[in-house]
Amino acid sequence: MVRLFVYGTLMRNCCNHEPYLRGQKYLGQAVLPGYALYNLGSYPGVVPDSTEKVLGELYEIDASLLEELDIFEDNGDLYIRRKAKVLLRDAVLDAEVYVWNGRVRTQDKICFNDQPWKDELAVR
């Protein structure tokens with residue numbers, strides 16, 4: 001089993017949750033420190049930023065699903081899967097997270113108080 005932090009369309013009540021994370025173990029709402037959340041148009045991305053944090057969800061998933069998600073997230077091109085420390089209640093846990101591998105614009109940053117991501121934020 002692998003812990004996965006999600007912050008966008010894979011979260012509950014978002015468009016890609018059901019096909020991928022249905023039946024996986026939801027551990028709770030969590031915080032990813034050291035990253036900032038950006039609206040990339042149809043979906044969000046996180047990039048390293050030591051002054052920021054991201055609100056999302058933490059799951060425990062099957063290793064085989066992680067391989068599927070690597071394809072879905074275009075791991076190695078659009079996103080790069082990294083290990084990160086995630087805050088879940090009073091615990092600090094290791095988790096995998098998909099980090100955006102492209103440029104971002106300052107005006108597209110989503111401040112922590114406006115998180116978590118919702119599908120309504122997507123520009124279609």
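Colleague: Where is the place of Asn13, and is Asn13 buried or exposed?

Modeller: Asn13 has its place in the loop between β1 and α1. This is a predicted model, and Asn13 has a relative accessible area of 80%. Exposed means over 50%, so Asn13 is exposed.

Colleague: What is phi of Asn13 near?

Modeller: Most residues other than glycine have a negative phi. Asn13 goes the other way, with a positive phi in a residue other than glycine. Its value is near 70°.

Colleague: And Asp74, what is phi near there?

Modeller: Asp74 sits in the loop between α2 and β4, and counts as partly exposed at 30% relative accessibility. Its phi is positive too, in a residue other than glycine, and near 55°.

Colleague: Which peptide bond is cis?

Modeller: Most peptide bonds are trans. Here there is a cis one leading into Pro116, with omega near 5°; Pro116 lies in the segment after β6 (109–110). The bond runs from Gln115 to Pro116.

Colleague: Why is Cys111 too far for a bond with the closest cysteine sulfur?

Modeller: A disulfide needs two cysteine sulfur atoms within 2.5 Å. Cys111 is partly exposed, with a relative accessible area of 36%. The closest cysteine sulfur to that of Cys111 belongs to Cys14, and it is too far for a bond because the distance is 17 Å.

Colleague: How many disulfides does the structure hold, then?

Modeller: Cys14 is buried at 10% relative accessible area. The structure holds no disulfide, and for Cys14 the nearest cysteine sulfur, in Cys15, is 6.6 Å away. That puts the count at zero.

Colleague: Which element gives the most to the largest nonpolar core?

Modeller: In soluble globular proteins, nonpolar side chains tend to be buried together. This core has 38 residues, and Phe5, Tyr7, Leu32, Val46, Leu58 and Ile61 touch the most other members. Several elements each supply at least two residues, among them β1 (2–6), α1 (17–21) and α2 (63–72). With seven residues, the one giving the most is β2.

Colleague: Asp49 is found in strand β3; is Asp49 buried or exposed?

Modeller: Asp49 touches Gly34, Tyr35, Ala36 and Lys109, leaving aside residues up to four places away in sequence. Its relative accessibility is 18%. The cut-off for buried is under 20%, so Asp49 counts as buried.

Colleague: How much space lies in the largest pocket?

Modeller: The largest pocket is lined by 14 residues, with Thr9, Tyr43, Phe72, Glu73 and Tyr79 nearest its centre. By class, the lining has ten nonpolar, three polar and one charged residues. The space in the largest pocket is about 230 Å³.

Terms used:
Residues are numbered from 1 along each chain as its sequence is written. Side-chain values use heavy atoms; hydrogens and water are left out. A nonpolar core is a set of buried Ala, Val, Leu, Ile, Met, Phe, Trp, Tyr and Cys residues joined through side-chain atoms within 4.5 Å. Buried means under 20% relative accessible area, exposed over 50%, partly exposed in between (1.4 Å probe, protein chains only). Helices (H or I, at least four residues) and strands (E, at least two) are DSSP runs, numbered from the N terminus. On a 1 Å grid over the protein atoms alone, a cavity is a set of points where a 1.4 Å probe fits but cannot get out, and a pocket is an open set with protein on both sides within 12 Å along at least five of seven lines; lining residues have an atom within 4 Å of a point. Grid points are joined across faces, edges and corners, and a volume is the space filled by probe spheres set on the points. Ala, Val, Leu, Ile, Met, Phe, Trp, Tyr, Cys and Pro count as nonpolar, Asp, Glu, Lys and Arg as charged, and the others, Gly among them, as polar. Contact means heavy atoms within 4.5 Å.
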